[in-house]
Amino acid sequence: MSDPMNALAPEHRRLRIGDAWRDAASGATFAVEDPATGKTIAEVADADVVDGLAALDVASKAMTEWAATPPRKRSELLTATYRALTERSEEVARLITLEMGKPLAEARGEVAYGAEFFRWFAEEAVRVEGRYSTAPAGGYRILTVPKPVGPCVFVTPWNFPLAMGARKIAPALAAGCTTITKPAAQTPLTMLFLARIMEEVGVPPGVVNVVTTKRAGEVVSALLADSRTRKLSFTGSTEVGRVLLRQAADNVLRTSMELGGNAALIVCADADLDVALDGAMVAKMRNIGQSCIAANRIYVEEPVREEFTARFAERMEALSVGHGLDDGVDVGALIDEASVTKIDELVADAVDRGARVLVGGERPDGPGHFYPPTVLVDVPEDARMLEAEIFGPVAPIISFTSDDEVMAKANDTEHGLAGYIFTRDLQRALRFTEGLDTGMLGINRGLISDPSAPFGGVKQSGIGREGSHEGILEYLDLTYASIDLS
């Protein structure tokens with residue numbers, strides 16, 4: 001097996017600021033570990049406020065020239081990034097698996113998904129349009145001119161270390177904005193690799209900056225307090241999102257927030273159970289369940305509850321757990337010990353309240369942060385896992401008897417990111433589409449993420465949309481000019 005770390009030379013494990021790869025001003029570093037073994041795989045630069053502001057300096061200076069770069073040129077650079085990621089997919093995928101833990105097959109899928117954002121927004125870059133129209137009253141004209149927002153600060157999570165950065169960087173560059181990305185401390189290597197690729201394809205210095213740090217709070221706070229920052233995009237927990245929104249308010253920053261989820265997956269009695277089972281496995285187990293749109297609560301209509309539960313449990317039990325780089329592994333390691341402890345506590349709480357474990361439910365001995373695929377039934381409504389974002393391979397199954405009942409239960413949460421409905425009744429599907437308080441809904445499918453579709457939530461699951469045409473609008477301000485022709 002080739003060493004994934006060979007893809008990232010030591011000089012590229014430092015901060016990417018302007019045209020240089022540099023150490024942190026303090027000289028500090030921090031360790032990155034393989035979650036499957038707990039062993040350190042790299043040391044990367046640990047930035048402080050000085051480094052963050054240095055990145056903002058170069059991003060601000062590069063802003064004027066990048067905004068003036070012809071859209072076609074920006075498009076070509078994004079297309080080149082797409083091609084480079086595609087050509088080097090195996091290197092990137094192995095690096096993702098090593099630092100994040102997901103199985104290699106899923107990491108390859110993430111590379112394809114992340115690369116597609118660059119291709120999509122390469123196409124959007126040349127289609128940013130204003131309008132020119134006659135005012136209804138006559139005598140003057142209305143002109144609208146879209147302009148790039150300005151330097152952007154991105155705070156990205158560890159669960160999709162390439163795709164979540166790509167989903168922000170690609171539209172920002174397409175719109176003419178410069179960027180500073182603060183990747184999660186658990187998974188900084190993939191973002192550094194992306195910065196290296198974008199340097200190699202010719203993205204100008206200062207346009208893509210990466211600041212790795214264990215001191216995220218102080219570094220990001222300093223960036224948001226600086227008037228040169230004009231946009232914040234964050235993917236992560238609702239709790240942290242609230243803090244960042246308060247900080248962004250002082251400078252009235254444009255914000256995009258993709259926050260926590262508590263997705264309900266609803267299986268109706270008229271559903272094709274084979275389709276529902278396939279969809280539920282994807283919606284629950286993609287990325288080891290560590291996804292904001294993962295099926296957190298599975299509601300099954302009573303007439304098919306027994307059959308669905310038995311078949312779903314059988315599939316979950318058949319999954320192979322191990323190091324993501326090993327052949328045949330379906331479920332890799334969770335990101336860290338805190339994640340395993342949280343899941344263990346949620347399962348224990350549900351069992352204490354009367355739930356029964358059909359599959360899994362006990363963490364294995366040995367090194368690494370593993371938890372087995374787990375299925376619970378008879379989960380009471382007061383179980384914490386029905387309110388908390390599980391973020392792991394645990395599936396609580398709850399029965400329901402009417403659409404009104406399950407709709408009320410599904411909506412009984414502060415979150416509103418995603419949901420899933422399985423039914424062969426079109427009218428029923430449309431009623432759920434209109435009745436569920438979610439930004440996204442999968443109808444007879446468990447995979448809903450797509451660069452060409454608007455990703456985002458309602459309620460406390462976020463603000464704004466990523467992907468699709470709506471994604472580039474998040475990085476554009478609009479100037480309106482009233483032109484007198486009289």
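UniProt, in an unreviewed entry, lists residues 21–478 as "domain: Aldehyde dehydrogenase". In this predicted model, the chain over residues 21–478 is 41% helix and 19% strand. The C-alpha atoms at the two ends of that range are 35 Å apart.

**The seven-stranded sheet**

One open sheet contains seven strands in the order S14-S15-S16-S13-S12-S17-S18, and its pairing is mixed. Strand S14 (356–359) and strand S18 (440–443) stand at the edges with a single partner strand each, so one side of each is left without a neighbour in the sheet. On average, and with direction ignored, neighbouring strands of this sheet are turned by 25° against each other. At one edge, S14 pairs with strand S15 (residues 374–377) in the antiparallel sense, over three bridges. Val357 stands opposite Leu376 of S15.

Helix H13 (residues 426–435) lies across four strands, namely S12 (263–267), S13 (295–301), S17 (418–422) and S18. The helix runs at about 165° to S18.

**Pockets and cavities**

The table sets out the volumes and the classes of the lining residues.

| Space | Volume | Lining residues by class |
|---|---|---|
| Largest pocket | about 1100 Å³ | 20 nonpolar, 14 polar, eleven charged |
| Second largest pocket | about 200 Å³ | four nonpolar, no polar, five charged |
| Largest cavity | about 90 Å³ | six nonpolar, seven polar, three charged |
| Second largest cavity | about 70 Å³ | six nonpolar, three polar, two charged |

The largest pocket holds about 1100 Å³ of space. Its lining comprises 45 residues, and those closest to the centre are Trp158, Gln186, Gly236, Ser237 and Val240. At least two lining residues come from each of strand S3 (29–33), helix H7 (216–225), strand S10 (231–235), helix H8 (238–249) and helix H11 (337–352). Helix H8 gives the largest share of this lining, with six residues.

The second largest pocket is lined by Arg297, Tyr299, Glu381, Leu386, Glu387, Ile398, Ala408, Lys409 and Asp412. Strand S13 and helix H12 are the elements that give two or more residues to that lining. The residues around this pocket include five charged and no polar ones.

Enclosed space is also present, with seven cavities of 30 Å³ or more in the structure. The largest cavity has 16 lining residues, of which Ala264, Arg297, Ala410, Ala418 and Thr438 lie nearest its centre. Strand S12, helix H12 (403–411) and strand S17 are the elements that give two or more residues to the lining of the largest cavity. Arg297 thus appears in the lining of the largest cavity and in that of the second largest pocket. Helix H12 likewise gives two or more residues to the cavity lining and to the pocket lining. Strands S12 and S17, named for this cavity, are among the strands that H13 lies across.

The second largest cavity is lined by Tyr113, Asn159, Phe160, Met164, Arg167, Arg286, Ser291, Cys292, Ile293, Ser449 and Phe455. Its two charged residues are Arg167 and Arg286.

Key. Residues are numbered from 1 along each chain as its sequence is written. This is a predicted model: local features need pLDDT of at least 70, side-chain atom pairs count only at pLDDT 80 or more; totals for chains, interfaces and linings use all residues. Side-chain values use heavy atoms; hydrogens and water are left out. Two strands pair if DSSP finds at least two bridges between them. Axes are lines fitted to C-alpha atoms, for helices over the stretch in contact, and angles run from 0 to 180 degrees between N-to-C directions. Contact means heavy atoms within 4.5 Å. On a 1 Å grid over the protein atoms alone, a cavity is a set of points where a 1.4 Å probe fits but cannot get out, and a pocket is an open set with protein on both sides within 12 Å along at least five of seven lines; lining residues have an atom within 4 Å of a point. Grid points are joined across faces, edges and corners, and a volume is the space filled by probe spheres set on the points. Ala, Val, Leu, Ile, Met, Phe, Trp, Tyr, Cys and Pro count as nonpolar, Asp, Glu, Lys and Arg as charged, and the others, Gly among them, as polar. UniProt positions are given in the numbering used here, feature names are shortened, and annotations may be inferred rather than shown by experiment.
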